[in-house]
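The following questions and answers go through some geometry of one model. Please look at the structure first.

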Amino acid sequence: MQTMSADAARRTALAAQGFADPRPAGEVGRRQLRRVLGRIKLLQLDSVNVAVRAHYMPLFSRLGGYPAELVDDAAWTHRARRPRLLVEYWAHEASLVPVEDWPLLRWRMREYGGSWRKRGRELLERSPALVDDVLAAVKELGPVGAGALERELGEQRGSRGPWWDRSDTKRACELLFAMGALTTGARRGFERLYDLPERVLPPHVLGSEPEDEDAIRGLVERSAQALGVATEPDLRDYYRLDPARSRRAVAELVESGALEPVSVRGWSQPAYLHESARTPRRITGRALLSPFDPLIWERSRAERLFGFRYRIEIYVPEAKRRYGYYVFPFLLDGELVARADLKADRAAGVLRVPGAFAEPGRDRDEVATELAGALRDMAGWLGLSGVRVGDRGDLAAPLRARV
């Protein structure tokens, strides 16, 4: 069995995630979007918009400034000559996945999106007529939001009575989405507008339904490609697979030669190296990372790779937060060297940094210089005129001096 150093594993993981690829010198378009998707496989969706929505940031972290409409067009705009590249479904939580990968998740659709969505199944048993009515209304009105469906069905059924509940309409939409009977036709702001898959996806995708084992093996291999080198729990987490299925798929991929068992010094569990993985001699460049970036979303893996303990503190009471509400780790030359609490103040036209913190042992002046440049780049990308640094953290003063 091959043995890798922790440093080599880290560089392998960064390369797999696209951080060894050169940033485009010119305009960023669909070709560059496809390249990043080929690396990371999916974009996680999240409703928090304190700085920038989660699905936009990973592309900026790897490509630099690009038009956000590129993602919107790829995911939610249908044109005959520019087919969609992305479709929404439950992958690593709510995600945008390549259209071609949608059939690999059909087994999950047959399980109503996952065993943890029990309330949807209860609704199907309790109010099957409501579920049918929602599907029929979307067929007639789609793409349409849950609020509009509530009003439509309320008018049809009457707004009172034990047999109709406004929240049940939203649950029915989500159940049908989880079953693959509905998908997202468009977004209005961040509101999901439901539509029929046959009006969104191409026929060859709709007509493909691989065997469960083949699909799960395909997902695990995609995880391995995106991670480079990973433990089995790492591979499992990328698409939130159950342990038994994941372990079986890993064993099959080892047998086929797609995965090679390796030992990484300092890791307590066995690891697997994908056959396409590469280990560059150096990783250079800088990037701010969203809390939902696939490089760091599995927090124990981030700690293993970078010695960087990271927790999102949105739900922590303000007085108990250590670093801030919405903190972005800062990647510099292949290491996580700092973290910055960020807020896009669109009314004032500035990117606010309430707190900035260097990792222990880092040169604060060097880190502050690079972080200042990264923050200016991000502010410009977001259409903000500048950066304003607050007082919290040991990096705040040197950072403020540079922006």
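Q: Which ring does the charged end of Arg339 sit over?
A: A charge sits over a ring if NZ of Lys or CZ of Arg is within 6 Å of the ring centre and within 35 degrees of the ring normal. For Arg339 the distance to the centre is 4.0 Å, and the ring is that of Phe308.

This is a predicted model: local features need pLDDT of at least 70, side-chain atom pairs count only at pLDDT 80 or more, and totals for chains, interfaces and linings use all residues. Residues are numbered from 1 along each chain as its sequence is written, and side-chain values use heavy atoms, without hydrogens and water.

Q: How are the rings of Phe60 and Trp381 arranged?
A: Rings of Phe, Tyr and Trp (its six-membered ring) pair if their centres lie within 6.5 Å; planes under 30 degrees apart count as stacked, over 60 as edge-to-face and the rest as tilted. Here the centres are 4.4 Å apart and the planes at 10°, so the pair is stacked.

Q: How many residues apart in sequence are the parts that this pair ties together?
A: Helices are DSSP runs (H or I, at least four residues), numbered from the N terminus. Phe60 lies in helix 3 (residues 57-63) and Trp381 in helix 15, so the parts tied together are apart in sequence by 321 residues.

Q: What is the distance between the end C-alpha atoms of helix 15?
A: The expected span is 1.5 Å times one less than the number of residues. For the 18 residues of helix 15 (residues 364-381) that gives 26 Å, which agrees with the distance in the model, 25 Å.

Notes
Helices (H or I, at least four residues) and strands (E, at least two) are DSSP runs, numbered from the N terminus.
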